[in-house]
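Please look over the protein chain shown below before reading on. The questions after it deal with charge pairs, strand pairing and burial.

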Amino acid sequence: MPETKLPKDFESQMLELLGHAEFEHFEKAINKSSRTSIRLNPAKCFTPYPLKAPIPWAKQGYFLEQRPTFTLDPAFHAGAYYVQEASSQFIEHILDSLQIPKGIYLDLAAAPGGKSTLLSSYLADEGMLLANEVIQTRAQVLKENIIKWGWGNTLVTNNDPEHFTPLEGFFDLVLVDAPCSGEGMFRKDMQAREEWSPDHVQFCAARQKRIMDQAGALVKAEGYLLYSTCTFNVQENEEMIRFLTSEFSYEPVRIPLEESWNIKETEVEADGKTYYGYRFLPHMVQGEGFFVSVLKRTAGANTQVPKRIKDFKHPYLKEVSKQDSKALDVELDFNGNGKYYLLKDSYFRMNKNWNLHFQKVSQHLNLKYFGVEIGKKQQNKWIPTHEWALSILPNNKFPSLDLPENQAIAYLRKNELKIADLPKGWVLITYHNLPLGWVKNIGNRVNNYYPKEWRIRI
């Protein structure tokens, strides 16, 4: 990567934070290329890349020797892994080391979906994740990545943080990966360097305070708040912990670290207590700039338990009865844990254990997606969705065809496929047994049902 001068005010800020000797190492590191890393999907684990260098704080994370063209890897489109920067995968270590109870989680600023897919894997079938994004175009990207990940335990919403006021004390965990000045991305993003200024840092800090003023109240008693940024400065990190603890009652949480990880623990004195933050610096770790702090809500804080709604009413969702939901699960060879809703005659399935939470959320937020969309049923025959294909739910009702790489890429380009002896009707296309989507053999031709907006264009 060509070396680009850092903004003078940024240099002064980092000199104050690190000191002269350490700043020299930092400056060299921030002008070097970063390593590419991925995180495997535990439900789909497959990648054509050699996984020789594990990320020490992430069980599913690996560095790659070089950056491949992910767009031309069918496993990428199948959701077998997520391309995620190594430092931010530290969230996995936080969840595992603290054994944070599974329940209902919120990722408040979730796009494009790296941390949401990580939370989804951790929750598995024992919890429900609400992944929210305020910007509509980014919410669409988030929805696509959640669908590819395929766990079916996630709601995607498109709301401003202030819309969450009716859900105060509702969540077991709230993750706020706050919009920030992006100093930690200076290696990868030259535009972030050009846009940086002390005024921009102050603007970001003010925006973060507005978000945290809402987010701090959403965590239930003894639940957890994770606050993170991809920036280095104290204003957007330590000062935000001081702000949060001046507004809400939280207890400090300390994360166990291995010395060899070279993660810098920082202490924040606030409210008569010592809180902890964890700063990732590019000259010390093989990852981008990152900061995270974990806090635990005090036992006396508000806890909101969703109540049963006698007659669930929604502008566009129709609830399927408990008996009919059970019958659908039997018909589709699912695990019997399903609760169904209809949207424009298409069936959506979610875990029945979280139905009351879902109904509460659906009354207040703008839903973009939830659970797994299964499809429409016509004359006892299913018209399956792409979402069902990519989910980890079984597809036992349909034949499948595993394609080699070149044909799989042709399918993902939405090209016409010529396949001999293909069964009539719907066929699930797979690559290394990873579902990619559907084709339909109508006799004289095979229709490719890969979503037009998702097709490979190179």
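What follows is a set of questions and answers on this model.

The model is a predicted one, in which local features need pLDDT of at least 70 and side-chain atom pairs count only at pLDDT 80 or more, while totals for chains, interfaces and linings use all residues. Residues are numbered from 1 along each chain as its sequence is written, and side-chain values use heavy atoms, with hydrogens and water left out.

Q: How many salt bridges does the count come to?
A: A salt bridge is defined here as a side-chain nitrogen of Lys or Arg within 4 Å of a carboxyl oxygen of Asp or Glu. By this rule, the count comes to 18.

Q: Which residue forms a salt bridge with Asp172, and is Asp172 buried or exposed?
A: Burial is judged by relative accessible area, where buried means under 20%, exposed over 50% and partly exposed in between, with a 1.4 Å probe and protein chains only. Asp172 counts as buried because its relative accessibility is 19%, and its partner is likewise buried at 15%. Helices (H or I, at least four residues) and strands (E, at least two) are DSSP runs numbered from the N terminus. The closest N and O atoms of the pair are 3.4 Å apart, and the residue that forms the salt bridge with buried Asp172 is Lys220.

Q: Why does the pair of Asp172 and Lys220 tie together parts that are apart in sequence, and how many residues apart are they?
A: Asp172 belongs to strand E8 (residues 171-177), whereas Lys220 belongs to strand E9 (residues 219-229). The pair therefore ties together parts whose separation in sequence is 48 residues.

Q: Which residue meets Glu331 in a salt bridge?
A: The N to O distance in this salt bridge is 2.8 Å, and the partner of Glu331 is Lys377. The pair links distant parts of the chain, 46 residues apart, with Glu331 in helix H10 (residues 322-331) and its partner in strand E18. At 24% relative accessibility Glu331 counts as partly exposed, and so does, at 29%, its partner Lys377.

Q: In which helix do Arg242 and Glu239 both lie?
A: Arg242 forms a salt bridge with Glu239, with the closest N and O atoms 2.9 Å apart. Arg242 counts as partly exposed at 30% relative accessibility, as does Glu239 at 36%. The two residues are 3 apart, about one turn of the helix, and that helix is H9 (residues 238-247).

Q: Which are the edge strands of the open sheet of 5 strands?
A: Two strands pair if DSSP finds at least two bridges between them. The open sheet has the order E14-E15-E16-E18-E19, with antiparallel pairing. Each edge strand pairs on one side only, and these strands are E14 and E19 (381-384).

Q: What is the bridge partner of Val268 in E12?
A: Strand E11 (residues 264-270) pairs with E12 in the antiparallel sense over 7 bridges, and E12 also pairs with E13 in the antiparallel sense, over 4 bridges. Strand E12 (residues 273-280) is mostly covered, with 6 of its 8 residues buried. In E12, the bridge partner of Val268 is Tyr275.

Q: Which residue takes a positive phi in the hairpin of E11 and E12?
A: This hairpin has 2 residues between the strands. The positive phi, near 55 degrees, is taken by Asp271.
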